Amino acid sequence: MYRMKLKTHPALSALQSISIICQATMAVSPRPTLTLQQATELTRQLYGVTVTEISTLPSYVDQNFLMVDEEGGKYVMKIMNSEESKNSTLLEVQTHAMSFLRKHGIPVQRSIPTLKGEVMSMEEIDCGHGVQTYCVRLMTYVPGKTLAESPVTTQDLYHVGKLAATLDKTLQQLESLHLDVLEKDDECWSLSNIPLLVDYLSVMDGDPLQEVIQAVIESYNSHVQPKISSFKKGIIHGDLNDLNIIVTPVDSGRHEVSAILDFSLLMTDCYVFELATAIAYLMLENPNPLDVGGALLAGWESIMVLSDDERDSLFLLVLGRLCQSLVYGRYNVKIYPDNEKYLLTTAKSGTRLLTKLWEMGKQEVERKWFSDTNMFSVSE
């Protein structure tokens, strides 16, 4: 997920300007495509690490490798797309935020310094379509499985919600001279920009789901947009999906979070957006998706309580995130056909889930979520 800055005509509305930026960004292909040999050699040159085993890991528009060295140590190399790599200040703030969170007890990966002592390196690489500059980072490997692969309990989800709110609350203390780079009004994935989806709905032509997505957008415009200015804001992770949360089993069939991954969407935005994003994605692979919302909400509100307006908007924000993932995933498949399986991850169960939630309606879904939340409040 990446962005670019464009100059737009002053007569254009803010949403029109953002839409132009998003469409121009998605029209290019800055995704790195290093070979295994290139990545192996790069690791040796930058870090002095001799790689004996290497394999690719899934990613949206970046490139990730799992590496094993001579002594059996494991690492993850992350190569950012060339568009995001242009903003080195933003990448430095992301890396600084991860280090800050680690020091405050939040489980995140550590960036391993290069032989020169740098936590990230800007490298000119030719992936077969000309030399481009990519940001390269070598990260510690965290054992475990993604939350999507794990049979988590509602109690596990409660603790995920609590950790998500704790992460955002901890980031309130983050200090840097460059925090302004996290003000991303033109970020297509921000839930404040759900109205932009109308410019991409052509990719859904012929799919009956298009009518549901259109209805969600219209409901969002009527019932959520007017309230956003009252939502509490701060620095958020921005992409707490079930592939960015690593868990390990503990006693009695429970799991604990061993790492939060991927801070590439770190931004200043509404806190309720963080919760809505987590609910949307964590429902996808859960055999009882309606049990997810109440558990995450209860955990979240044990740290940060939502306002009445934020609670009232949660249902449509969750549906809006599902719509974004479904529409942008299908749109990006045209640009990255080789990455279709990953880009359409949400589509597998997201189409059915979105339809079900919309048919149930706001009142019924909220009754379930809020009732479950109250049960957690009593039991905790």
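This is a short tour of one chain, from its overall make-up to a strand, a helix pair and a few single residues.

**The chain as a whole**

Keep in mind that what you're looking at is a predicted model. The chain has 380 residues, and 56% of them are buried. Its secondary structure adds up to eleven helices and eleven strands. If you take the contacts between residues at least 6 apart in sequence, 76% of them link residues at least 24 apart. As for disulfides, the count is zero.

**Strand E6 and its partners**

A good place to start is strand E6, which covers residues 131-140. How many of its ten residues are buried? Seven are, so the rest of the structure largely encloses this strand.

E6 pairs with E3, E4 and E5, and here is how those pairings look side by side.

| Strand paired with E6 | Residues | Sense | Bridges |
|---|---|---|---|
| E3 | 74-79 | antiparallel | five |
| E4 | 111-112 | antiparallel | two |
| E5 | 121-126 | antiparallel | six |

Met139 of E6 turns up in two of these pairings: it is the bridge partner of Val76, and it is also the bridge partner of Ser111. Over on the E5 side, Met122 has Cys135 of E6 as its bridge partner. Cys135 counts as buried because its relative accessibility is 0%. E5 and E6 also form a hairpin, with four residues between the strands. Look at Gly128 in that hairpin: its phi is positive, near 110°.

Another cysteine worth a glance is Cys323, which is buried at a relative accessible area of 1%.

**Helices H6 and H7**

Next up is a helix pair: H6 (residues 271-282) and H7 (residues 290-301). They pack at an angle of about 145°, and their axes lie 9 Å apart. Is the crossing right-handed or left-handed? For H6 and H7 it is right-handed. On the H6 side, the contact is made by Tyr271, Glu274, Leu275, Ala278, Ile279 and Leu282. H7 contributes Val292, Gly293, Leu296, Leu297 and Trp300. Sort the residues of this contact by character and you get nine nonpolar, one polar and one charged.

**Two single residues**

Thr170 sits in helix H4, which spans residues 154-170. Is Thr170 buried or exposed? It is buried, because its relative accessible area is 9%, under the 20% cut-off. Setting aside neighbours within four places in sequence, what does Thr170 touch? Its contacts are Phe100, Leu101, His104 and Ile106.

Lys227 has a different kind of address: the loop between helix H5 (209-223) and strand E8 (233-236). Even so, Lys227 counts as buried, with a relative accessibility of 19%, which is under the 20% limit. Again leaving out neighbours within four places in sequence, Lys227 is in contact with Asp309, Asp312 and Ser313. Take Asp312 as one of these: Lys227 and Asp312 are 85 residues apart in sequence, while their C-alpha atoms are 9.7 Å apart in space.

Note on methods
Residues numbered from 1 in each chain as written. Predicted model: local features only at pLDDT ≥ 70, side-chain atom pairs only at ≥ 80, totals over all residues. Heavy atoms only, no water. Axes fitted to C-alpha atoms, helices over the stretch in contact; angles between N-to-C directions. Left-handed = near helix turned anticlockwise from the far one by under 90°. Contact = heavy atoms within 4.5 Å. Nonpolar A, V, L, I, M, F, W, Y, C, P; charged D, E, K, R; others polar. Disulfide = S-S within 2.5 Å. Buried < 20%, exposed > 50% of the residue type's maximum accessible area, 1.4 Å probe, protein only. Pairing = 2+ DSSP bridges.
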